[in-house]
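Biologist: I'm new to this one, so could you walk me through it? Let's put it on the screen and go from there.

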Amino acid sequence: MMTSEQSCHEQSVEACAALDAFSQHCAQWLRTTGDDELVIEIDALGARHTTASRALRRTGLRRRLTWVEDGVSARLIAEALALRDVMATPSRGAWTVAYLSMSTRQGELITDFDYDRQPHLTPPHTRADIIEELRRHPRRPAFTPDWLRETTSS
């Protein structure tokens, strides 16, 4: 996994600015909610995506830390999804799986973007999803994983 600063080395100026803005929005959200940590996971292909999020929150009378599923704001989820288009490159395409997290202890956005992993969508992706993905985010053959190539060649 990488920090947003490490991810930025390989990205365009626009992508770095978007990652930085997202990081700032995450930090602001944590301060506003009082949550200790947030996690967003995204699987995406073409026009489809699946997201999961959780927030580490103090709950109950004893204020114990508890993971709250789907505890991250819809605005942050939408902003994380928007990173996909901004980070796409003409040769490499867009990432298909992303993991983003921030804790108040570390204070920086931790990211893992995978451009090659087959996403897990419900229902599973179809040939039409792959065609739409490659229309939106073309890839050079060297950057096209077998699972994308095999589906489009049949």
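Biologist: Which residues have the most contacts inside the largest nonpolar core?

Modeller: Keep in mind that this is a predicted model. The largest nonpolar core has 25 residues, and α2 (13-33), β2 (37-45), α3 and β5 each supply at least two of them. As a rule, nonpolar side chains in soluble globular proteins tend to be buried together. The residues with the most contacts inside this core are Phe22, Leu38, Ile40, Ile42 and Leu100.

Biologist: And which residues does a second, separate core include?

Modeller: Besides the 25-residue core, there is a separate one made of 5 residues. Its members include Leu45, Leu121, Ile130 and Leu148.

Biologist: Let's step back a bit. In what order do the elements of the chain run from the N terminus on?

Modeller: Start with the count: the chain has 5 helices and 6 strands. Of its 154 residues, 42% count as buried. Reading from the N terminus, the order of the elements is β-α-α-β-β-β-α-β-β-α-α.

Biologist: Now the end of that strand series. In which sense do β5 and β6 pair, and over how many bridges?

Modeller: Strand β5 covers residues 97-103 and β6 covers residues 110-114. Within the pairing, Tyr99 stands opposite Asp112 in β6. The hairpin has 6 residues between the strands, and Gly107 takes a positive phi near 75 degrees in it. The pairing of β5 and β6 is antiparallel, over 5 bridges.

Biologist: Why is the aromatic pair of Trp95 and Phe113 called tilted?

Modeller: A search of the whole structure turns up 1 aromatic pair. The ring centres of Trp95 and Phe113 are 5.5 Å apart. Planes under 30 degrees apart would count as stacked and those over 60 as edge-to-face. The planes of Trp95 and Phe113 are at 35 degrees, so the pair is tilted.

Biologist: Where do Trp95 and Phe113 lie in the chain, and how many residues apart are they?

Modeller: Both Trp95 and Phe113 are buried. Trp95 is in the loop between α3 (74-87) and β5, while Phe113 is in strand β6. The pair thus links distant parts of the chain, and the separation is 18 residues.

Biologist: What about charges over rings: over the face of which residue does Arg92 lie?

Modeller: There are a couple of these to look at. The charged end of Arg54 sits over the ring of Trp67, 5.7 Å from its centre. Arg92 is 3.9 Å from the ring centre of its partner, and that partner is Tyr115.

Biologist: Any backbone oddities? Which residues does a cis peptide bond join?

Modeller: In general, most peptide bonds are trans. Here the omega of the cis bond is about -5 degrees. Its proline lies in the loop between β6 and α4 (127-136). The bond joins Thr122 and Pro123.

Biologist: Is Asp70 buried or exposed?

Modeller: Asp70 is found in the loop between β4 (64-69) and α3, and it has a positive phi of about 55 degrees although it is not a glycine. The cut-off for exposed is over 50% relative accessible area. Asp70 has 62% relative accessibility, so it counts as exposed.

Biologist: Last one: how far apart in space are Ser23 and Ile110?

Modeller: Ser23 sits in helix α2 and, at 12% relative accessibility, counts as buried. In sequence, Ser23 and Ile110 are 87 residues apart. In space, C-alpha to C-alpha, they are separated by 9.1 Å.

Definitions and conventions
Residues numbered from 1 in each chain as written. Predicted model: local features only at pLDDT ≥ 70, side-chain atom pairs only at ≥ 80, totals over all residues. Heavy atoms only, no water. Helix = DSSP H or I, 4+ residues; strand = E, 2+ residues; numbered from the N terminus. Buried < 20%, exposed > 50% of the residue type's maximum accessible area, 1.4 Å probe, protein only. Pairing = 2+ DSSP bridges. Phe/Tyr/Trp six-rings, centres within 6.5 Å; stacked < 30°, edge-to-face > 60°. Lys NZ or Arg CZ within 6 Å of the ring centre and 35° of its normal. Core = buried A, V, L, I, M, F, W, Y, C linked by side-chain atoms within 4.5 Å.
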